[in-house]
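Trainee: Before I rely on any labels, I would like to hear how each one is justified.
Mentor: Then let us look at the structure and go through the labels in turn.

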Amino acid sequence: MFLSSILVAVRRWAYARSVANELYGLDKRDLDDVGISPWQIKEVARKAARDAIA
């Protein structure tokens, strides 16, 4: 149980990092097109990871 929760946390972290890296690669115009500001990237990435990995 404890190990599985650690694995989920690591998977979520890796997924969030991947999403954030992709978003950081976009310019302001592209971010505006998807409806987020640069300061929101970390939270958007964390939410995406929570939603994607149970």
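The questions below concern a predicted model.

Trainee: Why is the contact between Asp32 and Lys28 called a salt bridge?
Mentor: The closest N and O atoms of Asp32 and Lys28 are 3.4 Å apart, and because a salt bridge requires a Lys or Arg side-chain nitrogen within 4 Å of an Asp or Glu carboxyl oxygen, the pair qualifies. Both residues lie in helix H2, four residues apart, about one turn of the helix.

Trainee: What makes Lys28 exposed?
Mentor: Lys28 has a relative accessible area of 51%, and since exposed means over 50%, the label applies. Asp32, with 43%, is partly exposed, because that class lies between under 20% and over 50%.

Trainee: How do you know that Glu43, Arg46 and Arg50 are linked in a network?
Mentor: Arg46 forms a salt bridge with Glu43, with the closest N and O atoms 3.7 Å apart, and the side chains of Glu43 and Arg50 meet in a salt bridge at 3.5 Å, N to O. Each distance is within 4 Å, so both contacts meet the definition, and Glu43 takes part in both of them.

Trainee: What makes five residues in the lining of the largest pocket count as charged?
Mentor: The lining includes Arg12, Arg17, Lys42, Arg46 and Arg50, and because Lys and Arg count as charged, these residues fall in that class. The lining also has five nonpolar residues and no polar ones, around a pocket with a volume of about 190 Å³.

Technical notes. Residues numbered from 1 in each chain as written. Predicted model: local features only at pLDDT ≥ 70, side-chain atom pairs only at ≥ 80, totals over all residues. Heavy atoms only, no water. 1 Å grid on protein atoms, 1.4 Å probe; cavity = no way out; pocket = protein on both sides within 12 Å on 5 of 7 lines; lining within 4 Å. Points joined across faces, edges and corners; volume = space filled by probe spheres on them. Helix = DSSP H or I, 4+ residues; strand = E, 2+ residues; numbered from the N terminus. Buried < 20%, exposed > 50% of the residue type's maximum accessible area, 1.4 Å probe, protein only.
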